[in-house]
Amino acid sequence: MALECTISELGAARVACIMGRVDSATAGALEKSLTPLFDTPGRHAIIDFTALDYISSAGLRIVLMSAKRAKQAQARLVLCGMAPHVREVFEISGFLKILEVAADQAAAQAMLA
């Protein structure tokens, strides 16, 4: 399955829903899709992984870059909707210790409130 990323508005935050696989072949497209999330200073964002089947180290790099962009824009980034196998990749990499993670979009929005 190819990568698909849709951006929508949820309250005061932008939400990126990622579907499919994020690997070395699709990481560039994901980076391009996520770049506009933080073009407004102070505008928070949520990345929803509910429909994500797979993420590689290339995908983790894009998520980390997005977190750095959020910090530069004086905004927050919350990840949500991780399936157990996706969460495990984030856990093994140590990213769960440095990134904000919520169970779902509602919980993520509550964290940003």
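A pocket is here an open set of grid points with protein on both sides within 12 Å along at least five of seven lines, and its lining residues are those with an atom within 4 Å of a point. In this predicted model, the largest pocket is lined by Leu-64, Ala-67, Lys-68, Ala-70, Lys-71, Ala-75, Arg-76, Leu-77, Ile-98, Leu-99 and Glu-100. The space within this pocket amounts to about 180 Å³. Helix α2, which spans residues 57–72, is the principal contributor to the lining, supplying five residues. Seven of the lining residues are nonpolar and four are charged, whereas no polar residue takes part.

The strands of the model are arranged in an open sheet of five members, ordered β1-β2-β3-β4-β5, with mixed pairing. Strands β1 (4–10) and β5 (100–102) lie at the edges, each being paired on one side only. From one strand to the next, the twist averages 25°. Helix α3, formed by residues 84–93, packs on this sheet and touches β3 (44–55), β4 (77–80) and β5. The direction of α3 makes an angle of about 110° with that of β3.

The individual strand pairs may be described in sheet order. Strands β1 and β2 run antiparallel and are joined by seven bridges, with β2 comprising residues 13–22. Within this pair, Glu-4 is found opposite Met-19 of β2. The pairing of β2 with β3, by contrast, is parallel and extends over nine bridges. Here Val-22 has Ile-55 of β3 as its bridge partner. The connection from β2 to β3 passes through helix α1 (residues 27–34), and the resulting β-α-β crossover is right-handed.

Strands β3 and β4 are likewise paired in the parallel sense, in this case through four bridges. Ile-47 is positioned opposite Leu-79 of β4. A right-handed β-α-β unit is made by β3, α2 and β4. The helix of this unit, α2, is also the element that gives the most to the lining of the largest pocket. Strand β4, which covers residues 77–80, and edge strand β5, which covers residues 100–102, can likewise be related to the pocket, as Leu-77 and Glu-100 are among its lining residues.

How values were computed:
Residues numbered from 1 in each chain as written. Predicted model: local features only at pLDDT ≥ 70, side-chain atom pairs only at ≥ 80, totals over all residues. Heavy atoms only, no water. 1 Å grid on protein atoms, 1.4 Å probe; cavity = no way out; pocket = protein on both sides within 12 Å on 5 of 7 lines; lining within 4 Å. Points joined across faces, edges and corners; volume = space filled by probe spheres on them. Helix = DSSP H or I, 4+ residues; strand = E, 2+ residues; numbered from the N terminus. Nonpolar A, V, L, I, M, F, W, Y, C, P; charged D, E, K, R; others polar. Pairing = 2+ DSSP bridges. Axes fitted to C-alpha atoms, helices over the stretch in contact; angles between N-to-C directions. Contact = heavy atoms within 4.5 Å. Right-handed = clockwise from strand over helix to strand, strands pointing away.
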